[in-house]
Amino acid sequence: MSTGRDDEETGSDEPSDELRIAFEATVDEGVRRLTRSWPRLVATGLVGGIDISVGVFALLLTLQETHSVPVGALAFGIGFLALLLARSELFTENFLVPIAAVVATKARWRDILRLWAGTAVTNYLGGWIVMAVALTAYPGIRNEAVSLAVYYPRLGIGWTSFASALMAGTVMTLMTWMERGTTSTTAKMVASFSAAYVLATGHLDHAIISGLEMFAGLQAGAPFGYVDWARTVGWAALGNMIGGIGFVTVLRIVQVGGRQLSEERNRPLSEPRGGG
């Protein structure tokens, strides 16, 4: 088995077995996501918004009881575990995986635009509904919802909020790569929960999460409107994309190497993949 150090010493472009298997699994998953029918795409996006909203609800409940952001971040991880185990998706989970499939010439760039648009819209729709139901069922969290939501519009459109969004996109895409690199459900859960904790504790500007937290705030009487919501999540989405694609996706594809990428391009889709 080759190692990263061996590759550097010999000048080989051959990736390690673990890296090769992880990339093949990533391409396979990317093809699956990009070739889904519209009904399946819409359903996956809706349940993704619903699942992560459960995490936001748990965060708000815990903040009400403990007034501790780190403890609330632990509760928020429930939403990410739901995303993983229920096989739903957020818009920001679809950078590395589908781009790998396109770079391997297994899909087209326009398929990515379809996936991004469909997932983002349905994530927000599912999340808006659940936030409305949650605040109606448990009005005691309204103060926490407003306090949490106003943080993002107060950051405004500037370098601080953009840097926060860059970090959020980087964390999410790193989580995706770690999940593709193992077949262990336990390891995937650790990666997912860890990313959720970093995002929630750091108040990182993640387009979907901050968007749903702002939905909760809007429905609880927060002092901003839906135009402010659109500006904030649009800016966050741009930062998330640059962080996730530029800081993780591009470098991971380069890490795989030209030889593996060439083999992947020449491999028929119907051919079984080792270890995947």
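This report walks through some helix packing, charged pairs, loop residues and a surface patch in a predicted model.

## How some helices pack

A good place to begin is with three pairs of helices, listed in the table with their angles and axis distances.

| Helix pair | Angle between axes | Axis distance | Handedness of crossing |
|---|---|---|---|
| H2 (residues 17-34) and H13 (residues 258-266) | roughly 40° | within 11 Å | right-handed |
| H3 (residues 38-66) and H11 | about 60° | 10 Å | right-handed |
| H7 (residues 142-149) and H11 | about 130° | 8 Å | left-handed |

Take H2 and H13 to start with: their axes cross at roughly 40°. That angle makes H2 oblique to H13. Helix H11 then appears in two of the rows, once with H3 at about 60° and once with H7 at about 130°. H3 and H11 are therefore oblique to each other, and H7 and H11 are therefore oblique as well. As for handedness, H3 passes H11 in a right-handed crossing, while H7 and H11 cross in a left-handed way.

## Charged partners

Now for the side chains that carry charge. Side chains of opposite charge can pair when their charged atoms come close. How many salt bridges does a search of the whole structure find? The search finds 8. Several of the residues involved belong together: Glu 29, Arg 32, Arg 33, Arg 36, Arg 87 and Glu 89 are linked in a network of salt bridges.

One link in helix H2 joins Glu 29 to Arg 33, with the closest N and O atoms 3.0 Å apart. Both residues sit in H2, 4 residues from each other, which is about one turn of the helix. Glu 29 is buried, and Arg 33 is buried too.

Another salt bridge is the one between the side chains of Glu 89 and Arg 36, at 2.8 Å from N to O. This pair connects distant parts of the chain: Glu 89 lies in the loop between H4 and H5, Arg 36 lies in the loop between H2 and H3, and 53 residues separate them. Are these two residues buried or exposed? Glu 89 counts as buried because its relative accessibility is 3%. Arg 36 is likewise buried, with a relative accessible area of 3%.

Asp 111 offers a further example, forming a salt bridge with Arg 108 in which the closest N and O atoms are 3.4 Å apart. Here the two partners fall into separate classes of exposure. Asp 111 has 14% relative accessibility, so it counts as buried. Arg 108 has a relative accessible area of 45% and is therefore partly exposed.

## Residues in the loops

The loop between H4 and H5 deserves a second visit, since Arg 87 is also located there. Arg 87 belongs to the salt-bridge network already described. Its backbone is worth a look as well: Arg 87 has a positive phi of about 60° although it is not a glycine. To put that in context, most residues other than glycine have a negative phi. Because its relative accessibility is 55%, Arg 87 counts as exposed.

Leu 90 is found in this loop too, which runs between helix H4 (69-85) and helix H5 (96-103). With a relative accessible area of 0%, Leu 90 is buried. Its C-alpha atom is separated by 9.3 Å from that of Trp 116, a residue 26 positions away along the chain.

Which other residue has a positive phi although it is not a glycine? That residue is His 203, with a phi of about 50°. His 203 is found in the loop between helix H10 (185-201) and helix H11 (207-219).

## A nonpolar patch on the surface

To finish, turn to the outside of the model. Leu 125, Trp 128, Ile 129, Val 133 and Tyr 226 make a nonpolar surface patch of about 480 Å². Which helix gives the most to this patch? Helix H6 (residues 109-137) does, with 4 residues. Tyr 226, meanwhile, is found in helix H12 (residues 226-256). Its relative accessibility is 43%, so Tyr 226 counts as partly exposed.

How values were computed:
Residues are numbered from 1 along each chain as its sequence is written. This is a predicted model: local features need pLDDT of at least 70, side-chain atom pairs count only at pLDDT 80 or more; totals for chains, interfaces and linings use all residues. Side-chain values use heavy atoms; hydrogens and water are left out. Patches are made of residues with over 30% relative accessible area and no salt bridge: like charges are joined within 9 Å, nonpolar side chains (Val, Leu, Ile, Met, Phe, Trp, Tyr) within 5 Å. Accessible areas come from the Shrake-Rupley method with a 1.4 Å probe; for residues, only the protein chains shown count as cover. A salt bridge is a side-chain nitrogen of Lys or Arg within 4 Å of a carboxyl oxygen of Asp or Glu. Buried means under 20% relative accessible area, exposed over 50%, partly exposed in between (1.4 Å probe, protein chains only). Axes are lines fitted to C-alpha atoms, for helices over the stretch in contact, and angles run from 0 to 180 degrees between N-to-C directions. Angles under 35 degrees count as roughly parallel, over 145 as roughly antiparallel, 65 to 115 as roughly perpendicular and the rest as oblique. A crossing is left-handed if the near helix is turned anticlockwise from the far one by less than a right angle, and right-handed if clockwise.
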